[in-house]
Structures are given as structure tokens and as C-alpha cells.
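Trainee: Before I use any of the labels attached to this model, could you take me through how they are arrived at?

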Amino acid sequence: MKIKQLLILAAILSIVLFTSISRAIDITATNSGVWGDTNIWDSGTVPGAGDDADIPSGLTVTVETNATIQFIYDSGTVVMAPNSTLNVLFDQAIAPETTLNATAAGSTVAYFANPFFARQCNYYNLVFSQTNYVNPLPPFGSPWQFFNNFSSAQGPTPMTIAGDMTLIGAIEVQQGSGGAPITIGGNLIIGTGCAWDSSGDILTVGGNAYIYGLLQDLNGALGTNYIAGDVIVAGPSTSVKTWASGVYTNGWSVSDVTTWGVGKGLTNNGSVFGLGYGSISFNGTGTITGTNTLKIPTISINGSYAIGTPITLITNTPTLNGTLVFDIANPKQITLLTNAGTALYYNGNLNVINSGSAPASGATYKFFNSTNGYAGSFASTSYPSLPGGLSWDDSMLLTNGTITVIGGSVGSPILTQSRSGGVLTLSWDSAIYPGYRVQGQTNAAGIGTNWGETGSGTVSPLIIGINPTNPPVFFRLIKP
């Protein structure tokens, strides 16, 4: 909820700010001090949304609460105080000769125009919002405005954002060829219509990644990108090209990159796809889930992960060094589709759990599906407990990826009754003793041989209306 609110509020703010811009007035700082002090500005007024701020060499102005400005220039210094916010509205943004110290805890710098001239430096929270951009050459032009940390005025600069990094509107961040690493200590939020391309250098996210737009890396030779928290992919369930040879519109593309590392789980409610040798390495503890199938070249499981969505691997055998957790109450599959004749190779640990009712004899669960057979073995296997007389048969696990419940229950169930007014409830343990049903007979002289079906089915309980003035009725459990 907080992420959605941030995206909505920032988008509204950008519209309000742009509509308020008029012809810029140049206001110059004459002394060091806090931004909101009228005494430090030559006009006697605090620079606002329609103004430019000139901060000369040797002066330091501290944004103590909230400030909105068209752009800032000259060779002075701007310092963000803790929990302060600076909104920059114009393409010129903050001039390269201006020193910006934006790392104070809780502070936010938001650029509401073309981010190309946004300062490449360290921040606490950083927002790029360009909601007014219109692609000038459809369908041949790019759908985005760009922040390039490899070819802008400052050249490639490593950046650390201690808090959150947010993209809204029509923004692409490019760590292109010759770029520099970007490290985000909090969350990465890629809004609808935005993109992040880490092809030029390493992207590290200490929190979660929320992908409403596009996340990609087209140059795996530069190492592993890493997201320490959860990855949440939202948006449309499929991603299409913006034009025939253009870029994808949304989703998480793992094409060609050597590895995307994930420290927690993955929720795929959008589009995750890839070609070549792209891989996701799951290195912690979490769940791989979502409403859509995960379809990528390959994965590595180095931690312990519950499989909550189908996973289709289209190129390579997964590396299973950790623990796979499957729930028979909601069974999913890992499918390997390969033209190279490579078998799905087992390794690591298999942990099967059951969050639902006990299975019956003969129940079969398929966890793996390979077009070229199976090889290897699990270092350990663990299966949920079964009712008396039942056991697990995993002899086909290495043949077709399935396990089966075999055997039968021991002993007989007990039929119990409870009455409330004219309603009789008959119960038995249908999980431990599957297949039993209730028969009845009406006989004033006692129990006879004329048993009849009650239509109870084989699942407890059976609820029956009764009339105490009628002749006695007898019930029994029977199993063919």
C-alpha cells in the first residue's frame, strides 16, 4: 500500500508543480544559512517553484524542510537536512559545479523533468518523475527520458542511494557501456512506463524490488546483480515490443545476464522472461510464487524455497544446491524444456509438506517434468506424515518426477453422533479412513438386513433431519 501511495502522490505532485511554473526569476544567496530564511536571499524572498537559485562559491544553503525550485546553479553548496525534501522542476536541474550533499537520513531529492542532468552523487532517497514526456518520434523513438550514469555531463560515477530509489512516469535509468555501479540500500520502485537497464555495471538493491515497468540487463559479462530482499513483479502478464526491433514494455528480463541474485522470495504477478543463459539465483529463504508461470532460461536454488508457482526452464538444467519445498495441497512443477538432450539433474534437498487434508491411497503428485529424462539424486528427502497403513513411494521420482501414496488404512473407523433439535450429525475420520459411506435402515423390530444408501458420500460429516415420533432408524459405515 505504501508503494502504491508513493507512486500516486508523486505523480499528482509532478502535475501540480508543472502547472505552477511560470517565467523563472533568478534569486541569489548572499549568505550561508537555511533555505527558508528570507534574510539569506537577495530578493528577500525564498526561491520557489517558478525561480532559479544562484548559490555562489563559498556559501552553503541547507534545505531544512521542503523546497521546490526550477534549477540550482553556481559553485556553492546545497545540503539536505534530515527528513527534508527538494523538488527540482527544470531540465537544467542542479549544475555540475554546484556541490550537493543529499545523504542525510530521511531526506529526498526529486527531479520532475528530464533526468539527464540530474546530479550523479550519493543520495538518501532519490525520485525521478517525468509524467509529461511525449515520445517525439513514434514508433521509432524511445518511450523514455534517460538518466545515464555513463555519458551525462559528469561521466560514469558510482552512486549509493541509502534509502529508496523511485521511477515514475517515463524514465529509464541506464548503466550502459562504461557505466558505474549503483547501490540502493532500501527499495527499488520501477513505476509503470519506466525502465532500469543495468547493462553497463552492477546493480545492488539492499531492500525489495517492485517492478511495475521493466528491469533488464543485456550484458552479463559484467557480473552479478543482486537484490537482497523480495522481488515483486506486477503489471501486465505479458511483455511486448514497443516496435518490431524495439525494447520490451514491462516485466523482468533475465536475458544474457550471468546471474540475478535474490536474497528472499519472488512474486510473479507480471511477466518474467529470458533468453540465452540468463539465470536467477535464489540465495536465502522464501517463496517463489505468483499468479503467472515463471519462464526463464534457468535458476539456482542455494537456500530454502517453497515452490508456489509453475517454473519453466527453457535452456539449462537448474542448479539445486539448496532445499526445494513443495506443498501437496497446492502442487506445482519445475519443467525443463531443452533441445540439447540435457536431463533434469537432481541435487540438494527435497522437502515435501502438506498444508491440507491427508491424502488417500493412490494419490500421485508430480513435482518435476523433463523432456529429456532425469539424473542425479537428492541428498535428502522429507515427506509429510500419513495415516496408519499408508506410506510414500518415491521410486518414480528419478523416472517421471512423481511420488505416490501406497497402502491402506489399518482398523476401522468409528461412527459418532450428535443431535441438535431435529438435526442429527454423523461423523467419522474420513481422512484416515477414506472411501467409507453411511447406510441406513428403518426397522421397529431391530436391526435387519435391509440397509439402504443415504447419499452420504465418502467425506465426513453427514447431516440428517430426524423426527423422534417416527420408527427407529439405524446407521452404519460401509466400505466396498
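The exchange below takes the labels one by one, for a model that is predicted.

Trainee: How do you know that the chain is more spread out than a compact globule?

Mentor: The chain has 2 helices and 50 strands, and its radius of gyration is 32 Å, whereas the globule rule gives 23 Å for 480 residues; the value is well over the rule, so the chain is more spread out than a compact globule. The C-alpha trace spans about 110 × 60 × 40 Å along its principal axes.

Trainee: What share of the residues counts as buried, and what share of the contacts is between residues 24 or more positions apart?

Mentor: Of the 480 residues, 48% count as buried, and a residue earns that word when its relative accessible area is under 20%. Among contacts with a separation of 6 or more, 46% join residues 24 or more positions apart. As for the surface, the chain exposes about 20200 Å², of which carbon and sulfur atoms supply 55%.

Trainee: What makes a set of residues a nonpolar core, and which residues have the most contacts inside the largest one?

Mentor: The members must be buried, must belong to a list of nonpolar residue types, and must be joined through side-chain atoms within 4.5 Å. The largest such core has 88 residues, and those with the most contacts inside it are Tyr111, Trp196, Trp252 and Phe368. Apart from it lies another core of 9 residues, including Leu424, Trp428, Leu462 and Ile464. In soluble globular proteins, nonpolar side chains tend to be buried together.

Trainee: Which residues does Tyr111 touch, leaving out those up to four places away in sequence?

Mentor: Among them are Val88, Ala93, Ile94, Leu100, Tyr123, Leu126 and Phe128, and the list also includes Arg119 and Ser129.

Trainee: Why is Thr108 called buried?

Mentor: Its relative accessible area is 17%, and since the limit for the word is under 20%, Thr108 qualifies as buried. Thr108 is found in strand β10, residues 108-111, and it touches Met80, Ser84, Thr85, Leu86, Asn125 and Val127 when residues up to four places away in sequence are not counted.

Trainee: What makes the pairing of the Thr108 and Asn125 side chains a polar contact?

Mentor: The distance is 3.3 Å, and the cut-off for a pair of N or O atoms is within 3.5 Å, with one atom able to donate a hydrogen and the other to accept it; the two side chains are therefore recorded as making a polar contact.

Trainee: Why is the pair Arg437 and Glu453 called a salt bridge?

Mentor: The closest N and O atoms of the pair are 2.8 Å apart, and the limit between a side-chain nitrogen of Lys or Arg and a carboxyl oxygen of Asp or Glu is 4 Å, so the pair meets the definition. Arg437 lies in strand β47 (residues 437-442) and Glu453 in strand β48 (residues 452-453), so the pair ties together parts that are 16 residues apart in sequence. A search of the whole structure finds 1 salt bridge.

Trainee: Is Arg437 buried, partly exposed or exposed, and what is its relative accessibility?

Mentor: Its relative accessibility is 24%, which falls between under 20% for buried and over 50% for exposed, so Arg437 counts as partly exposed.

Trainee: What makes the backbone at Asn83 and at Ala93 worth a remark?

Mentor: Most residues other than glycine have a negative phi, and most peptide bonds are trans. Asn83 nevertheless has a positive phi of about 65°, and Ala93 has a positive phi near 55°. Asn83 lies in the loop between β7 and β8 and, at 60%, is exposed because the limit is over 50%. Ala93 lies in the loop between β8 and β9 and, at 1%, is buried because the limit is under 20%.

Trainee: Where is there a cis peptide bond, and what is its omega?

Mentor: The cis bond joins Ser460 and Pro461, with omega about 0°, and Pro461 lies in the loop between β48 and β49.

Definitions and conventions: Residues are numbered from 1 along each chain as its sequence is written. This is a predicted model: local features need pLDDT of at least 70, side-chain atom pairs count only at pLDDT 80 or more; totals for chains, interfaces and linings use all residues. Side-chain values use heavy atoms; hydrogens and water are left out. Buried means under 20% relative accessible area, exposed over 50%, partly exposed in between (1.4 Å probe, protein chains only). Contact means heavy atoms within 4.5 Å. Helices (H or I, at least four residues) and strands (E, at least two) are DSSP runs, numbered from the N terminus. The radius of gyration is taken over C-alpha atoms; the globule rule is 2.2 Å times the number of residues to the power 0.38. Accessible areas come from the Shrake-Rupley method with a 1.4 Å probe; for residues, only the protein chains shown count as cover.
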